[in-house]
Amino acid sequence: MRTRFNQYFPSTGLLLALLFLRVSVASGFRFWAGFGLYIAGILLLAAAVAAFCAPSPNGMNQGGVYRFSRNPMYGAYFLLFLGCALLARSWLLLGLTLCLQFSAHWIVKAEERWCVEAFGESYVEYMKQIRRFWAEGIEEENRLGCLRIALQR
């Protein structure tokens, strides 16, 4: 799978922006909301990595948090960086976080095409049962697009 620099630009920008942010400890809503999102992101990321390291015998990850989302790591990154943006009260970091989430959507679509090719019908069935991310919305349209690609083969 070929990658381009622009796929990694938002995440690189996020990492660089984090180096220059200051977190002011306060007892306000933004601090506690940011802290909660940050901790939730760290915990979700740890759970996703642990599940990713233990795939089923066919190579697919369907256990742990992958029972609820096909892409829990991307959701974890979003929560983590959103928490950082609130903690730092940074509009720049919030903008970069939204760019990361937008670009992650296209990266995920490419990864799903690869998974359909690699795992075949078992991944198509997994797609029918498990959402791409946590929330509904454009899920159905994207799922049907991947199913059409799989059925054409």
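## Tyr77 and its surroundings

In this predicted model, Tyr77 is partly exposed, its relative accessible area being 32%. That value falls between the limits of 20% and 50% that bound the partly exposed class, so the residue is counted neither as buried nor as exposed. Tyr77 belongs to helix α3, which covers residues 72–88.

When neighbours within four places in sequence are left aside, the residues in contact with Tyr77 are Leu45 and Leu100. For Leu45, the separation along the chain is 32 residues, whereas the C-alpha atoms of Tyr77 and Leu45 are 7.2 Å apart in space.

## Salt bridges centred on Glu112

Across the whole structure, a search finds three salt bridges. In one of them Glu112 is paired with Arg70, with 2.6 Å between the closest N and O atoms. Because Glu112 lies in helix α4 (residues 91–119) while Arg70 lies in the loop between α2 and α3, this pair ties together parts of the chain that are 42 residues apart in sequence. Both Glu112 and Arg70 are buried.

Glu112 also forms a salt bridge with Arg132, and here the closest N and O atoms are 2.5 Å apart. This pair, too, links distant parts of the chain, since Glu112 is in helix α4 and Arg132 is in the loop between α5 (121–129) and α6 (139–152), with their positions 20 residues apart in sequence. Glu112 has a relative accessible area of 1% and is therefore buried, the cut-off for that class being under 20%. Arg132 is likewise buried, with a relative accessible area of 1%.

## The salt bridge within helix α5

A further salt bridge joins the side chains of Lys128 and Glu125, at 3.1 Å from N to O. These two residues both lie in helix α5, where they are three residues apart, about one turn of the helix. Lys128 is partly exposed, with a relative accessible area of 45%, and Glu125 is also partly exposed, with a value of 31%. As for the network, salt bridges with shared partners join Arg70, Glu112 and Arg132 into one group.

## Aromatic pairs

The structure holds seven aromatic pairs. Among them is the pair of Phe31 and Phe35, which is stacked, with 6.1 Å from centre to centre and 10° between the planes. The angle lies under the 30 degrees required for stacking, and the pair is therefore assigned to that class. Phe31 and Phe35 are four residues apart in helix α2, so about one helical turn separates them.

The two rings belong to residues with unlike accessibility classes: Phe31 counts as buried at 10% relative accessibility, whereas Phe35 counts as partly exposed at 37%. Elsewhere, ring pairs link Trp114, Phe119, Tyr123 and Tyr126 into a cluster.

## A nonpolar surface patch

Phe35, described above as the partly exposed member of its stacked pair, also takes part in a nonpolar surface patch of about 410 Å², which is made by Trp32, Phe35, Ile39 and Leu43. Of these residues, Trp32 is found in helix α2, which covers residues 29–52. Membership of a patch requires over 30% relative accessible area, and the 37% of Phe35 therefore satisfies that requirement.

Terms used
Residues are numbered from 1 along each chain as its sequence is written. This is a predicted model: local features need pLDDT of at least 70, side-chain atom pairs count only at pLDDT 80 or more; totals for chains, interfaces and linings use all residues. Side-chain values use heavy atoms; hydrogens and water are left out. Buried means under 20% relative accessible area, exposed over 50%, partly exposed in between (1.4 Å probe, protein chains only). Contact means heavy atoms within 4.5 Å. Patches are made of residues with over 30% relative accessible area and no salt bridge: like charges are joined within 9 Å, nonpolar side chains (Val, Leu, Ile, Met, Phe, Trp, Tyr) within 5 Å. Accessible areas come from the Shrake-Rupley method with a 1.4 Å probe; for residues, only the protein chains shown count as cover. A salt bridge is a side-chain nitrogen of Lys or Arg within 4 Å of a carboxyl oxygen of Asp or Glu. Rings of Phe, Tyr and Trp (its six-membered ring) pair if their centres lie within 6.5 Å; planes under 30 degrees apart count as stacked, over 60 as edge-to-face and the rest as tilted.
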